[in-house]
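Colleague: I'm new to this one and would like to learn how to read it. Could you walk me through it, feature by feature?

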Amino acid sequence: MSEHDRRRWDERYTRKGRAQPTAVAPPGFLLPHADRIPTAGRALDVACGQGLGSTWLASRGLDVW
């Protein structure tokens with residue numbers, strides 16, 4: 001990733017504000033699959049925005065990278 005790309009993404013998500021993670025319900029894009037997602041193991045988050053999905057996966061017990 002170039003320095004320009006890093007700055008662009010940092011500025012984009014800074015303008016949106018901090019993510020408000022929740023352990024109560026999965027983010028919308030994971031909701032249809034929530035019952036099939038394991039509660040142990042590893043998950044990889046690649047360019048998934050503010051990390052709401054990663055936070056939810058970690059709250060379920062996954063080791064999220």
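Colleague: Let me start with a side chain in the first helix. Does Arg6 count as buried, partly exposed or exposed?

Modeller: Keep in mind that we're looking at a predicted model. Arg6 has a relative accessibility of 36%, so it counts as partly exposed.

Colleague: And which side chain does Arg6 meet in a salt bridge?

Modeller: The general idea is that side chains of opposite charge can pair when their charged atoms come close. Here, Arg6 pairs with Glu3, at 2.5 Å from N to O. The two are three residues apart in helix α1, so about one helical turn separates them. Glu3 is partly exposed too, because its relative accessibility is 40%.

Colleague: How many salt bridges does the structure hold?

Modeller: There are three. Glu3 also forms one with Arg7, where the closest N and O atoms are 3.3 Å apart. Those residues sit four apart in helix α1, so again the separation is about one helical turn. Then the side chains of Arg8 and Asp5 meet at 3.9 Å, N to O. Arg8 and Asp5 are three residues apart in helix α1, which means about one helical turn lies between them. Through shared partners, Glu3, Arg6 and Arg7 are joined into one network.

Colleague: Now the overall layout. What pattern does the protein chain follow along the sequence?

Modeller: Reading along, you get α-β-α-β. That comes from two helices and two strands.

Colleague: Which residues make up the largest nonpolar core?

Modeller: First the background: in soluble globular proteins, nonpolar side chains tend to be buried together. In this model the largest nonpolar core has seven residues: Leu30, Ala34, Ile37, Ala43, Trp56, Leu57 and Leu62. Take Leu62 as a way in: leaving aside neighbours within four places in sequence, it is in contact with several residues, including Ile37, Ala43 and Leu57. Across the protein chain, buried residues make up 18% of the 65 residues.

Colleague: What about the outside? Which residues form a nonpolar patch on the surface?

Modeller: Leu44, Val46 and Trp65 do, with about 420 Å² of accessible area together. Leu44 lies in the loop between β1 (42-43) and α2 (52-59), and Val46 is in the loop between β1 and α2 as well. Leu44 counts as exposed because its relative accessibility is 67%. For Val46 the figure is 55%, so it counts as exposed too. Val46 and Trp65 are 19 residues apart along the chain, and their C-alpha atoms are separated by 8.5 Å.

Colleague: I'd like a polar example as well. Is Ser54 buried or exposed?

Modeller: Ser54 has a relative accessible area of 14%, so it is buried. You'll find it in helix α2. Its side chain is joined to that of Asp45 by a polar contact of 2.2 Å. Not counting residues up to four places away in sequence, Ser54 touches Asp45 and Val64.

Colleague: One last stop. Where does Phe29 lie?

Modeller: Look in the loop between α1 (3-16) and β1. Phe29 counts as exposed because its relative accessibility is 53%. Phe29 and Gly53 are 24 residues apart in sequence, while C-alpha to C-alpha they are 8.3 Å apart in space.

Terms used: Residues are numbered from 1 along each chain as its sequence is written. This is a predicted model: local features need pLDDT of at least 70, side-chain atom pairs count only at pLDDT 80 or more; totals for chains, interfaces and linings use all residues. Side-chain values use heavy atoms; hydrogens and water are left out. Patches are made of residues with over 30% relative accessible area and no salt bridge: like charges are joined within 9 Å, nonpolar side chains (Val, Leu, Ile, Met, Phe, Trp, Tyr) within 5 Å. Accessible areas come from the Shrake-Rupley method with a 1.4 Å probe; for residues, only the protein chains shown count as cover. A salt bridge is a side-chain nitrogen of Lys or Arg within 4 Å of a carboxyl oxygen of Asp or Glu. Buried means under 20% relative accessible area, exposed over 50%, partly exposed in between (1.4 Å probe, protein chains only). A polar contact is a pair of N or O atoms within 3.5 Å; within protein, one must be able to donate a hydrogen and the other to accept it, and residues adjacent in sequence count only if both atoms are side-chain atoms. Contact means heavy atoms within 4.5 Å. A nonpolar core is a set of buried Ala, Val, Leu, Ile, Met, Phe, Trp, Tyr and Cys residues joined through side-chain atoms within 4.5 Å.
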